Amino acid sequence: MPNIMELFGKVWDAVRQGEAELRFTARIPTDQIRNDNEPPGVSFEREKHYFQMRVNELYLHTTRQWATTYDPMVFFVSEFDYRGKDKRIATPFLVGPSLIKDYGVKPPANLVLQDTRVAGLHPYRGGRLTVSVTLCQVKREDYVRKFFHMLESTAQVLDFTTALSASLKVAGVVLEGIQTLAGAGDTQSLVSVRHEFDPDGSDEVRPGYFVLVDEDERKVDPGQLFVRNRRLVAGKDIDSAVSFRQASYVLYSLIQTIPRSDYTSLPFYDQWAEVEREANEPNEKGKARAKAILSAMVLKMLQSPDLTEDHADLLEKELTDRMLALHERAVRRGSRAAGDTRKRTRLDQIRDRAGSILDL
């Protein structure tokens, strides 16, 4: 049974077989980018930054007759180091008209899909970061279209807000499906590119915007392509440039983040409710139980492959401060007066027995 990386190698070879003449691919220079409220970013640092990949625009030109002959497909794969069972993994994603068909909307002749996250947030662990992007056309036969729709829907199950390890089996299903589709001759690559950012090879791993255009590379002037507010525009300068509509294209970006705000969806956070409950007991035993649960939670958090080391350290301090503040507030409230004669509950007895273990 091939692993994720071996399977992706076979898929990439199969998809690339249909590619014809050279098409235009490029990284948009920094001085040709202007995005309001978006800092330019710095070089990625190991265990400090998170990264994500985003398809900012997928434009499908009418000359390809997508609506009558073919379905478009963007096949996007990110490869990176991961601190899980598989040290280096590949995560696939498919982008196409099904993203709006699922809502009962018929795709127009000129379709534009914007700002779709296709990878991340993932901790940057150093080493090589590789991105492979392919714009394909898929024969529009009923069985092929249904199969493609199934694959696209499956790819969207990859939940970027939870632990990545839970999504790897789904990733394998998507890759096997694409391999089958490509091997049957029903998929033709129009334009594809594979970027490898290798810091050990003197490459600078930094945020940026990239474009693939389904057009002869000699017909596209890179000096007249700009990114303005995350959209591809063309013209003499960035201010007067207008939306690029010369051909089908994919504009995508590598984005940098320091903290991730969705950490509450990661597995270790399930224990926080128990910490809160015990910290709200206005006595030393409640505080001791809260500290014990938090200690176990922090251990899981520090070992999480989905957090950077810097972020895990910050969260440890933040959660400890929150626990202590909760307990101090409970003590001030005096929720259990000295003369409280209420009937002791089963939970009270359980807490007492659990707390006694800490005194051993």
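Let me begin with a group of rings: F76, F197, F210 and Y252 together form one aromatic cluster. Before I go further, please keep in mind that what we are looking at is a predicted model, and that the values I quote are computed from it.

The structure as a whole holds 10 aromatic pairs. One of them is made by two members of that cluster, F210 and Y252, whose ring centres are 5.4 Å apart and whose planes meet at 20 degrees, so this pair is counted as stacked. F210 belongs to strand β9, which covers residues 208–216, while Y252 belongs to strand β13, and the pair therefore ties together parts that are 42 residues apart in sequence. Both F210 and Y252 are buried. A second aromatic pair, F268 with Y269, has another geometry, since it is edge-to-face, with 6.3 Å from centre to centre and 80 degrees between the planes. F268 has a relative accessible area of 3%, and because buried means under 20%, it counts as buried. Y269, at 14% relative accessibility, is also counted as buried.

Let me now turn to the strands that carry the stacked pair. In general, the strands of a sheet pair through backbone hydrogen bonds, either parallel or antiparallel. Here, β9 and β13 run antiparallel and are joined by six bridges, and within that pairing the bridge partner of F210 is Y252 in β13, the residue whose ring is stacked with that of F210. β9 also pairs with strand β1, residues 23–28, in the antiparallel sense and over six bridges, with I28 standing opposite Y209 in β9. How many of the residues of β9 are buried? Nine of the nine are, so this strand is largely enclosed by the rest of the structure.

There is also an open sheet of four strands, in the order β2-β10-β11-β12, with mixed pairing. At its edges stand β2, residues 33–34, and β12, residues 242–243, and each has a single partner strand, so one side of each is left without a neighbour in the sheet. β12 is joined to strand β11, residues 231–234, by two bridges, and these strands run antiparallel, with V233 standing opposite S243 in β12.

Next, I would like to follow two arginines. R260 is found in the loop between β13, residues 249–257, and α5, residues 272–279. Is R260 buried or exposed? With a relative accessible area of 2%, R260 is buried. Its side chain makes a polar contact with the side chain of D262, at 2.7 Å, and the side chain of R260 also reaches the backbone oxygen of D306, at 2.8 Å. The other arginine, R245, lies over the face of Y59, at 4.4 Å from the ring centre.

Finally, let us look at the largest pocket, in which about 440 Å³ of space lies. This pocket is lined by 21 residues, and those closest to its centre are E38, P39, P40, G41 and P207. The elements that give two or more residues to the lining are β1, β2, β9 and β13. Which element gives the most? That is β13, with four residues. So that you can connect the parts of this talk, recall that β13 is also the strand that holds Y252, and that six bridges join β13 to β9.

How values were computed. Residues numbered from 1 in each chain as written. Predicted model: local features only at pLDDT ≥ 70, side-chain atom pairs only at ≥ 80, totals over all residues. Heavy atoms only, no water. Buried < 20%, exposed > 50% of the residue type's maximum accessible area, 1.4 Å probe, protein only. Polar contact = N/O pair within 3.5 Å; in protein donor to acceptor, adjacent residues only side chain to side chain. Phe/Tyr/Trp six-rings, centres within 6.5 Å; stacked < 30°, edge-to-face > 60°. Lys NZ or Arg CZ within 6 Å of the ring centre and 35° of its normal. Pairing = 2+ DSSP bridges. 1 Å grid on protein atoms, 1.4 Å probe; cavity = no way out; pocket = protein on both sides within 12 Å on 5 of 7 lines; lining within 4 Å. Points joined across faces, edges and corners; volume = space filled by probe spheres on them.
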